[in-house]
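Trainee: Before we look at anything in particular, could you take me through how a sheet and some backbone features are read?
Mentor: Gladly; let us put the structure in front of us.

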Amino acid sequence: MFKLWYKKPASHWREALPIGNGHTGVMIYGKKRFEKLCFNDGTLWSGYPKDYNNKQSFENLFKIRELIFAGKNKEADALIQEKLCGFYSEAYMPVGEVKIKISSAGISDYFRELDLSKAIHTVNTKYCQREAFASNPKKVVVYSITAKHPINICVKMKSKLKAQTHTDNNMMFITGHAPDYVAPNYLRNEIFPVKYNENKGMAFALAMAADTDGNIESSSKKITIKNARVITLYFVTETGFKKFDEMPITDTDTVKQKCISRLKNILKYKYEEIKKEHIADFSSLFSKQSISLKCKSDLTTDKLLKAAKKGDDIRPLCELFYNLGKYMTISASRKGGQAMNLQGIWNNSVRPPWSCNYTVNINTQMNYWGASSCGLDECIEPLLQLVWETVQNGKLTAKINYGCSGFACNHNVDIWRKTSPVKGTPNYMFEPLCGVWLANEVYSHYKNGSLQNYKEKVLEIIEEAARFAADYLVLKDETYVICPSASPENCFKKDGNTCYTDYASAFDMGLVVQAFYNVLESSDDLELKADITEKLKRIAPFTQGKYGINEWHTDYFTPEKGHRHFSPIYAFYPAKLIGYNRDKEQTEWIRRLFKYRLDNSSQHIGWSAAWAICIAARLRDAKTAETVTKDFLCKSVFKNLFCVHPPYLFQIDGNLGYIAGLNEMLITEENGIIELLPALPDSWKNGEVKNIIINGVSITFKWENFKVTSIESNKPIVIRKVHLSDKIIKSETVSEEN
């Protein structure tokens, strides 16, 4: 299942289909009589480098710890909210929209499709074919129209930002500026939420060049092409972004001239040459790894969704959704570009949901959970760069805000690598160990064979994270704990009060221990390792309560029983501190809390469902993994299969987290032992996995009648004796556990 296709055009943005080259993203509507293209550039953000570090934070940190240890959590929360806060992140901006009116092309026999394996978008009618793709090698977006008889088109551009449109012969431009500041969309009472008052926002440009066998006419606001059978439109974007710690270019002519230079170079190549190069480049990444559930369907994608909701075979949708996640990763995250934000690279709003930033208390990490397993090494490089740059700013935050070495990062990051907290209640704004989570994720990809050419950066990241964690620990009754400690976005009741922070949350303690183990495993810094080793001897252990593992140091009542975050389970997934086979008692604590959350959840949030699939799979709970998968795909995706966050918002993390979830259902590992089909649904009788990466090893296997019939690997592995056929065929590199 490699194609999304429809017999109707998109009626709005959430039905349009995405293309991207890791730098420029486009949403394509595929209208019958005209085309609408919505452009983004990965570097177009509001604002500029700003310092929101807060000296008052460190000055009040010890008082807050005293209050928490004295049981005065409510007072501590108030002081955190007042004194340990910072300011909001900046927002990811849309570049502009292009409308192409098409005359005399005919609309009969219409369909549109997106080929995920080749990254080609097609709109077909009886007399006309339109193709679009975003080339990474050429850094250009191409829109081609081929007609059986002469047609006319008219092209117009506009932007939601402060911008101007103009033409020059066969070229057309939007040039403008990003705002100096954009308030988050959840600040409802902002009088001036979008500000241009400082004139410091970066310049940007969207440029188009036309190549055709017809006649080109241009006016000040549009380009018209008449009597053409072949029309090719080339689009490029540029911004004034330079570096995360440098002021952006504000001169629009500078970015415009860059666009002109690039387009002139592009026009030297033939369309078919650019297309062939694009397909080869994209397919080489997409085809590295694959999963087949041995199913097929000829239904349009919207009907495939309806069929799943009626209870029909969901395997085609599962497979298609998995391939879409891989497609989106390759399209949105390429070497030299920016990491995927909350919407990857696609956004149409000046005040997007949660500023379309890097929300690093789960969402950014989840974006990449499945990438290294799919062999998408180059797509992980932007994440590494994001984290490394965050380390540079985060060192100052660690020192000023918390009096610690290493680096700290709270839960909102932007292109300027903001690391201080935002404003708001502490369970949202205060989480200085989010940088530790980012570092742990980078190291997990490194261990899985990715980022091998960036060893020095990886080591710097994990060492700086461990230094902060070690310094931020404090002693409580001769035991090291994190204090103050939140559990992302959750709260608890104490003495009749709603409280947000305590000490030793399972989330924070899991992050710290994982960071310490990473350094002990890989670093040559003997002094750091000695400090870590001593602190590990006295680190606060996980504890259990009525509903399983305790979210904080003790068994507090949490009002939201089905909370969307599974943060207390971090040590089990995505970390592996608690092993399914190794730590049976603590695994049962995980199972109980997980079940409690799911049983009491009434929300259908895409990213939360993806996380739940991952956890259920690692728990070897096939039934729950399958149930959550069905609910997710039937209730939490739009018609274009974009992931839904209530009430009706797009977030990409659910799309991408699903990759990791499906991988975990089919293959997992603990202490170097590979287990195949740990959470195989009852309806997935047969299937095949090719070249999935686990522990840096490429593994291929097939199963029939729920039993693995063959397995091979490119390096020696040991597999558990479960779910294996009596007549299994193994390569010489595969052995079974004794």
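Mentor: What follows is a reading of one sheet and then of the backbone at a few residues, all in a predicted model.

Trainee: In what order do the four strands of the open sheet lie?

Mentor: In general, strands of a sheet pair through backbone hydrogen bonds, either parallel or antiparallel. Here the open sheet of four strands runs in the order β30-β31-β35-β37, and its pairing is mixed. At the edges stand β30 (667-670) and β37 (734-736), each of which pairs on one side only, while the twist from one strand to the next averages 40°.

Trainee: How do β35 and β37 run, and how many bridges join them?

Mentor: Strand β35, residues 717-719, is parallel to β37 and joined to it by three bridges; within this pair, I717 stands opposite V734 in β37. Elsewhere on the sheet, helix α17 (residues 653-666) lies across β30 and β31, running at about 75° to β30.

Trainee: Which peptide bond leading into P484 is cis, and where does P484 lie?

Mentor: Most residues other than glycine have a negative phi, and most peptide bonds are trans. The bond from C483 to P484 is cis, with omega near -5°, and P484 lies in the loop between β21 and β22. The bond from Y573 to P574 is also cis, with omega near 15°, and P574 is in the loop between β27 and α14.

Trainee: Is R620, with its positive phi, buried or exposed?

Mentor: R620, which is not a glycine, has a positive phi of about 60° and sits in the loop between α15 and α16. R620 counts as buried because its relative accessibility is 16%, and buried means under 20%.

Terms used. Residues numbered from 1 in each chain as written. Predicted model: local features only at pLDDT ≥ 70, side-chain atom pairs only at ≥ 80, totals over all residues. Heavy atoms only, no water. Pairing = 2+ DSSP bridges. Helix = DSSP H or I, 4+ residues; strand = E, 2+ residues; numbered from the N terminus. Axes fitted to C-alpha atoms, helices over the stretch in contact; angles between N-to-C directions. Contact = heavy atoms within 4.5 Å. Buried < 20%, exposed > 50% of the residue type's maximum accessible area, 1.4 Å probe, protein only.
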